[in-house]
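Please open the structure in a viewer and keep the selection panel at hand. The tour below proceeds one selection at a time.

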Amino acid sequence: MRAVAKTANKPGNKKSFWQKCLQQKTLIFMSLPLVLLKILFAYVPLLGWVMAFQNYKPAKSFFDQDWAGLAKFEFLFKDAVFLRDIRNTLAMSLINLVLGFVTAILLALLLNEIKNVVFKRTIQTISYMPHFLSWVIVAGIVQNVLSTDSGIVNDILLRIGAIDSSINFLGEPKYFWGIVGASNVWKEVGWNTIIYLASMSAIDPSLYEAAEMDGAGRFNKILHVTLPAIKSTFIILLIMNIGNILNAGFEVQYLLGNGPIQDVSETIDIFVLKYGMQKNDYALGTAAGIFKSVISVILVFGANWISGKLGEDKLV
Amino acid sequence: MKKMFKRILAGSLAAAAAVSMTACSNDTKTTEGGTQKHFSVFITGSTEEPSDDNKLMKKIEEELGYTFDFEYLVGNEAEKVGVMIAGGDYPDIVSCGDNTFVQAGALTPLDEYISEEKTPNIWRHIKDCYNKLCYEGDGHLYVIPAYGLFDGPETDGVYQGPAFWIQKAVLADAGYPEVKTLDEYFELIENYQAKNPTINGMSTIGFEILATTGFEWVLTTAPNYLDGNPNDGDVKVDKETYDAEIYANSDFAKRYFKKLSEEYAKGIIDPEAFTQNKDQYISKISSGRVLGMFDQHWVFQPAEQSLTTQQLYERQYVPLPLVFDEGTEPWYRTEPYEQVGQGYGISVSCEDPEAVVQMFETFLSEEWQKLFQWGVEGEDYMVDENGRYYRTPEQRTQQDDPVWKAQNKMNAFFYNLPKIQGSYTDGNGASAGAQQEEFEASLVDYDKEFLAKYGKKNWMEFLNTPPENPVYFPAWNIDKVDGSDADYANQKLTDLAVRYLPRLIMSDAGTFDSVWNEYCAEIDNVDVQAYEDRMNEVIDWRVENWAQD
C-alpha cells in the first residue's frame, strides 16, 4: 500500500499545494461529500462534549447553562459503581478479544485444510449465519437454552446426572462473563474467519510446495507457512480491536443482565444509559462517554506504536 | 465523459441536499383557519393500538375533524422520554407519568387556556383540586390528570391497585376460606402446589415475583402494605407526625424477605423470578401455572385478559389485603385520589395548545366520554326502559376480543385523556365496569358462583373500605428532582435492592442474617438523609398547601 501511495505522490516537478489542488480538483470534488459526511456525523457531535462540563439542562440555551467544571468527572471517579463498570467492561472485552481471535483463527485454519469445496462452503455458511441475527434474538435464544425450566443445557446435565437440580445460569454472577464470551463466539466466529480465509487464499502455493520439498507435514506447513502469512492481517485487526476494548458491547449485557448479577454485568455503556437517559443527567452520561473515547484513542495509538517498534505493519 | 460525470455528481448532491432538508424540517402539520386539527401523540397506554379503520377514530375525524399520528411506547418509558428530551423534538401531545417533561421545560402551561367560560367541562372536572394539580416547582398547571377525579362514589367492580393475588382455584380448593395473614396465604399455596405439581402440563409456580427495571417496586414495596401502610412508595409515613422514613432496612421488611426465603427453600418461589423480564412474567401468568404474586393489578392486566380469552376463569386472580399479624388494619385500597402529573401534557413543539385544550374539552363532555367508555349506543351497548345502560351477551363477548377492540375502541389513546369516573349525570356508571348491574350480568358462571360462596357482589369487596386519605397522600409520586442528591440516593437504594434482595431470598437459613447485615451496611453508605429530607420537605409543603378547610 505504502509503496503505491509514494509513487502517486511524487510529482514530476515541484508544485505548490494550491496548484496541486487545482490539478486534482476532480478527485477533491469526488471526495468532498464523504469528507462532509464525516465532519457532520463524526466531528459536529463532538461539540456536545461541552455538556460534560456543565450542569446541563435540556431546555435552556447554551449561554444559560450552568458551568460545573470537572465536577461530573470527579463524581464519576469517586463512584464505586462506575469503577466497577470499568472493570466489567475491561474483563468482558478481554475475554471477547482473546476468545474472538483464537476461535476465528482456529476455525479458519481448519476450514483452510478442507479439500471438499461443498463441505467447506456449507460449514462456512452455517457458521457465519448467526452474525446476521440481532442481539435481541440471540439473547432470547440464550435465555431459552439456559432456562432452569426445561432449558436444553440444564435438561442434558440433569439427564446425564452431572447435576442434581437445575442451575440458574443467568442468576449467578460467576457464570455471566463466560456466557457473554460464549454467545459472542457463537454469533461472530464464522464472520471473523472470512478475513483470515481471504488472506490465506492469497498465499502463493509454491510456498507450500517448497515446504513440502523440505519435508514439512501438515502441521509444519500450518505453523511455518500459513500462520506467518496471516500475521500482518492479525496485527492490523488486533490494533483496531484494541481501540474497541472499552466497547465490550452493550446489547448483550443489557438484555441478559438483571438485578442479582449487576455487579458483573453492568458496563460503561449501561451506566451511560442509566444516568444519561433514565435519570436525565446528560452531563454525567457525556462525561463517561468522553472518558471512554479518550482511553480508546490512547490505546489505539499505543498498540500502533508498539507494533511499529516490533517491526510490524502499522495502521496509521 | 467528464462532463457527464460532473452532471451526475451535481445531480446526486442536489438530491442529497434536498433529502437532508426535508429531513430537517418538521413542518408537516396542517393548519386550517388558525385551528390545528392534526396532532401527533406520544402514547404509553399498553392496551391494543387502534387499527386504521377504527370506528371511533373515523367518527372523531368526521364529526370533529381531528386526525392523529400516534407514537407508541416500545420498551422502557424513562429511556424513551430521556431520548425525546435530549433530542428536544416532541410530539404535540405527550404522555406524562411524572414530572420529567415539566422539569425539562418541555411542556406548555395550561393555565391561560382553562377557565370556567372557555372550558366549562374541564373547569367543572378540576376546579375543586386545582391547586393540588399544579406543579410545585412553579405553581402552573401542566397536566390534567387522567385518573382519580371521581363524580360520585367509586363503583368499579374490579380492583386495579396493589394486593397479594391468589388464583381462584386455590381458594376454591381450600373451601373458600377468609385469608388475612401472609402465613395463611403461603400455607394455602403450599398445600395446593403439593396437590397439583403441574397445571396444564407445566410445572406449578407457587409464588411469582417481578423485579425487572422499572418494576423493582413490585419486589420492594410489599412489606409496607403488610405492615398496614398505604401506597407511599419507598417510605413509611408516620400516621400521626407525617414523618417519612425508608423501610428498606426495617424489621418488617426483614420479616417479609425472611418469609420469602423460607418459601424459596421449599420450592414455592420461581427460581427465575429475578432474571426474567416483564414479558416473560406476563407469559408465565397467562399460562395459568402461577398460583400467586404481589403486584398491582394493572401491571398483569394483559395476563388476566389472556386468561379470559382462554376461558381459564379458575386461573384468574382474587386480591387479598394481607397483613403480618391479625389485628393490623390493611390499607391496600385507598380512597380515590388525583393521579397528579399523570396524563397528557402539551409540548412546547405544539403550535396551537389552545386547540388541544379545546379538543380535551370536547372529549370530556358526557357525549364523548360515553363514546370512549361505553361505545356507540345500539351497537356497543343498549338502553333499557329506565334509561339504564346494559350490554347484550354478544356485546360483552366483543369487549374481550383484542381484534374487535382494535377496530372499535381507542383505549390506548383514551388511557391518558382526562376522563369521567364514577357516574354520569343520568346516573349511569361511567363505564360498564362501574355499572354494578352490568358488572354482575357480565360475570361468567364460574365467577358468579365463586362470588356467591363469599357472599360478595364484586372483586372490589375483597378489599376493606379504606379510611380517609392523609392530606399529603400519596408519597409515592413525590418528585425526587432529576439529578439531585435525593434522586441519586433513590437510584442507589433501588440498585442495592435488586442486587441484595434476590440473594437474600435465595439464601438458606444459615446465611440469611449475614446477607441481611451486609445489605443494611450498604444502605448506611447511601445518602439516605438526602432522600428522606426531600420526601419530608414535599410532605410538609403538601400539608400546608393541600389542606382543605
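A residue is called buried when its relative accessible area is under 20%, and exposed when that area is over 50%. The model is predicted, and this cut-off serves at several of the stops that follow.

**Stop 1: a covered strand.** Select strand β5 of chain B, residues 93–96. Are its two faces covered or open? Both are covered: Ile93(B) and Ser95(B) on one side, and Val94(B) and Cys96(B) on the other, are all buried. In a regular strand, side chains alternate between the two faces of the sheet.

Now add the strands that pair with β5(B). Strand β3 of chain B, residues 38–43, runs parallel to β5(B) and is joined to it by two bridges. Within this pairing, Val41(B) stands opposite Ile93(B). Strand β15 of chain B, residues 343–346, runs antiparallel to β5(B), with four bridges between them. Here Gly343(B) is the residue opposite Cys96(B).

**Stop 2: the whole of chain B.** Widen the selection to chain B, which holds 23 helices and 18 strands. Its radius of gyration is 26 Å, close to the 24 Å that the globule rule gives for 549 residues, so chain B is as compact as a globular protein of that length. The C-alpha trace spans about 80 × 65 × 65 Å along its principal axes. Of the 549 residues in chain B, 55% are buried. Among contacts in chain B with a separation of 6 or more, 74% link residues 24 or more positions apart. If a surface is displayed, its accessible area for chain B is about 23500 Å², and carbon and sulfur atoms account for 49% of that.

**Stop 3: the nonpolar cores.** Which residues touch the most other members of the largest nonpolar core? Select Phe164(B), Tyr185(B), Phe207(B), Tyr256(B), Phe257(B) and Tyr332(B), which do so within a core of 94 residues. Helix α21 of chain B, residues 485–506, gives the most to this core, with eight residues. Apart from this core lies another, of 50 residues, which includes Leu64(B), Phe372(B), Phe413(B) and Tyr424(B).

Centre next on Tyr185(B). Beyond residues up to four places away in sequence, Tyr185(B) touches Phe164(B), Trp165(B), Ile166(B), Val179(B), Phe207(B), Gly292(B), Met293(B), Leu320(B) and Leu322(B).

**Stop 4: Phe257(B).** Move to helix α11 of chain B, residues 251–265, where Phe257(B) is found. Phe257(B) is buried, because its relative accessible area is 2%. Setting aside neighbours within four places in sequence, Phe257(B) is in contact with Leu219(B), Pro223(B), Leu501(B), Leu504(B), Ile505(B), Phe512(B) and Trp516(B). The last of these, Trp516(B), is 259 residues away along the chain, yet the two C-alpha atoms are separated by 9.4 Å.

**Stop 5: Thr212(B) in a loop.** Select the loop between β10 (205–208) and α9 (216–220) of chain B, in which Thr212(B) lies. Thr212(B) is buried, because its relative accessible area is 17%. Outside its neighbours within four places in sequence, its contacts are Gln276(B), Asn277(B) and Lys278(B). To relate this stop to β15(B), draw a distance from Thr212(B) to Ile346(B): the C-alpha atoms are 30 Å apart, and the residues are 134 apart in sequence.

**Stop 6: cysteines.** Finally, select the cysteines. How many disulfides are there over all chains? The count is zero. Among the cysteines, Cys21(A) is buried, with a relative accessible area of 19%, and Cys520(B) is buried as well, at 15%.

Conventions. Residues are numbered from 1 along each chain as its sequence is written. Chains are lettered from A and ligands numbered from 1 in the order in which they are written. This is a predicted model: local features need pLDDT of at least 70, side-chain atom pairs count only at pLDDT 80 or more; totals for chains, interfaces and linings use all residues. Side-chain values use heavy atoms; hydrogens and water are left out. A disulfide is a pair of cysteine sulfur atoms within 2.5 Å. Buried means under 20% relative accessible area, exposed over 50%, partly exposed in between (1.4 Å probe, protein chains only). A nonpolar core is a set of buried Ala, Val, Leu, Ile, Met, Phe, Trp, Tyr and Cys residues joined through side-chain atoms within 4.5 Å. Contact means heavy atoms within 4.5 Å. Two strands pair if DSSP finds at least two bridges between them. The radius of gyration is taken over C-alpha atoms; the globule rule is 2.2 Å times the number of residues to the power 0.38. Accessible areas come from the Shrake-Rupley method with a 1.4 Å probe; for residues, only the protein chains shown count as cover.
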